[in-house]
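Here are my notes on the two-chain model you sent round. Have the structure open while you go through the points.

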Amino acid sequence: MELQRGDNDNAAIWGGTSAVRAPEFTVMALQSRLHSIGLYSDSLDGIFGPNTEKALKIFQWCLKHAVYVMKEDILADYSPSVDTELNGRCGSSTRSMLETWFENQYISTGDLVRVSTAELSNIQLSPMFSQIGGPVVDRGEFLIARAAAPMIGHMNAFASELDLVVSINQSLRILGSEVRGAVVKPATRSQHYIGHAVDCNRVDGDTWNTTSDFRNKTQTANADRFILAMRNAGYRWGGDFSRTDPPHFDSQIDAQSFDYDAKVFLNQKQISAGEPIEKLPVQ
Amino acid sequence: MKNYLFNRRFFSGVACLLLLTRAYAADPGPGTADLLTKIKSDLAHGQAVIVYRMQNKNRRSEQYADWAAGLNQFYATHRGHYRVYAANQAFNSELTKSKIKLKNSYTVFMKRGSPSYYYEGVILEKAVYTAVDNHYSGKPVSTLDRAFLPEVISFKLD
């Protein structure tokens with residue numbers, strides 16, 4: 001029997017059908033497990049609704065993709081080993097892994113890492129860079145998803161080859177933080193929300209290669225070479241978008257995919273809940 | 001119990017809507033008839049004014065994301081000194097009268113006693129706002145500011 005959306009402890013519906021006897025593992029028990037691993041914050045009401053389903057799908061996603069878990073507030077590496085279907089149903093294998101996580105006191109977390117510009121020869125933080133991440137992030141550090149960290153390594157290498165300085169304006173962006181005091185509505189989806197994008201200027205001597213420089217086609221030849229190198233390495237440059245965005249580079253995750261939804265939830269939670277963030281040396 | 005939950009959810013929803021409405025209250029939206037009057041009043045009271053025209057309304061695009069984040073972050077830390085408005089037809093007409101070529105997206109900065117600036121296109125670097133602000137607040141204009149300062153225009157509303 002698989003617990004699924006529509007199941008309801010109060011109405012005695014489990015596995016999509018009415019039953020006389022309650023199963024050993026009820027919807028409320030499932031919600032309780034999901035709550036304990038940091039994926040469900042709604043009420044423990046025994047009703048398998050969309051929030052329970054989403055939390056369960058994120059758990060199944062974690063089983064396949066998680067890089068870290070927290071154990072007693074300490075970050076630990078996680079090696080996904082189970083190829084569970086991402087279906088939002090709680091069958092025997094998902095339940096078994098839920099119990100494993102519960103017994104090991106694992107709590108889900110994102111894959112954000114701290115990168116220090118002190119360790120990067122050709123990358124600096126712009127004077128306009130807004131530091132986020134609270135006390136866990138030191139001065140001179142910025143946050144990026146671990147899955148996107150190779151992009152920073154490539155940027156530094158290409159900038160070094162071309163004698164450019166990459167001046168970072170923004171990397172991770174907090175979803176919803178702009179609403180307070182905002183004058184315009186924030187974006188609904190962006191690679192910045194999952195830590196997969198960087199906005200920057202490629203400074204070439206005295207030339208900042210600004211958006212206006214690209215519009216007027218007065219950017220330097222090395223700025224163009226840098227973009228070409230990034231493209232060839234598989235990254236997207238915002239200048240290629242239909243709505244051009246020259247400062248933007250990203251290591252894209254399809255914003256319509258569940259991978260994106262799971263990463264938004266986990267990486268934004270990592271910041272809002274003050275979860276630990278590993279410092280990662282970038283090669 | 002169900003009624004109580006429904007009411008609680010409903011009123012939470014209404015409260016969220018009210019908060020959002022309040023959050024965006026600085027933006028009167030296109031079509032506001034008295035925008036010019038408001039701007040003139042703000043300028044007379046020593047406020048700096050930013051008027052933007054943003055063609056791209058797609059909130060799923062990275063360009064929109066970077067533009068909105070930059071403007072909101074700047075406004076969040078300078079709200080006491082700046083008023084921000086979306087351009088309307090009347091404002092566009094004033095720009096046209098001053099022989100300024102209208103673009104689908106632009107930003108105009110104004111402050112009494114200071115030059116007005118016109119940024120063609122979408123502002124994607126917060127350094128543009130900071131460069132203008134440094135100039136308006138009498139701070140020395142740095143090399144960095146010079147790289148990002150928009151074009152000075154002979155356009156006055158005060």
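1. Just after α5(B) comes Gly138(B), with a positive phi near 80 degrees. Helices and strands here are DSSP runs (H or I, at least four residues; E, at least two), numbered from the N terminus. Bear in mind that this is a predicted model, where local features need pLDDT of at least 70 and side-chain atom pairs count only at pLDDT 80 or more, while totals for chains, interfaces and linings use all residues. As for bookkeeping, residues are numbered from 1 along each chain as its sequence is written, chains are lettered from A and ligands numbered from 1 in the order written, and side-chain values use heavy atoms, leaving out hydrogens and water.

2. Why call helix α5 of chain B (residues 126-136) largely enclosed? Because ten of its eleven residues are buried, meaning under 20% relative accessible area (exposed is over 50%, partly exposed in between; 1.4 Å probe, protein chains only). Among the buried ones are Val128(B), Tyr129(B), Asp133(B) and Tyr136(B).

3. What do those buried residues pack against? In chain B, the partners are β1 (48-53), α3, β2, β3 (106-110), β4 (116-120) and α6 (143-148), with contact taken as heavy atoms within 4.5 Å.

4. Gly80(B) sits in the loop between α3 (62-78) and β2 (82-86) of chain B. Its relative accessibility is 51%, so Gly80(B) counts as exposed. From Gly80(B) to Ala48(B) is 32 residues in sequence and 9.5 Å in space, C-alpha to C-alpha.

5. On to the interface: chain A and chain B each bring 36 residues to the contact. The area buried between them is about 3,300 Å², 54% of it from carbon and sulfur atoms; that is accessible area (1.4 Å probe) lost on putting the two parts together, summed over both. On the chain A side, Met128(A), Val183(A) and Arg243(A) lose the most area to chain B, together 22% of what that side buries.

6. Which polar links cross over? The rule finds two salt bridges between chain A and chain B, each a side-chain nitrogen of Lys or Arg within 4 Å of a carboxyl oxygen of Asp or Glu. Arg173(A) forms one with Asp66(B), the closest N and O atoms being 2.9 Å apart.

7. β9 (165-170), β10 (197-203) and α5 (211-215) of chain A each supply at least two residues of the side that touches chain B. Of the elements there, α5(A) gives the most, with three residues.
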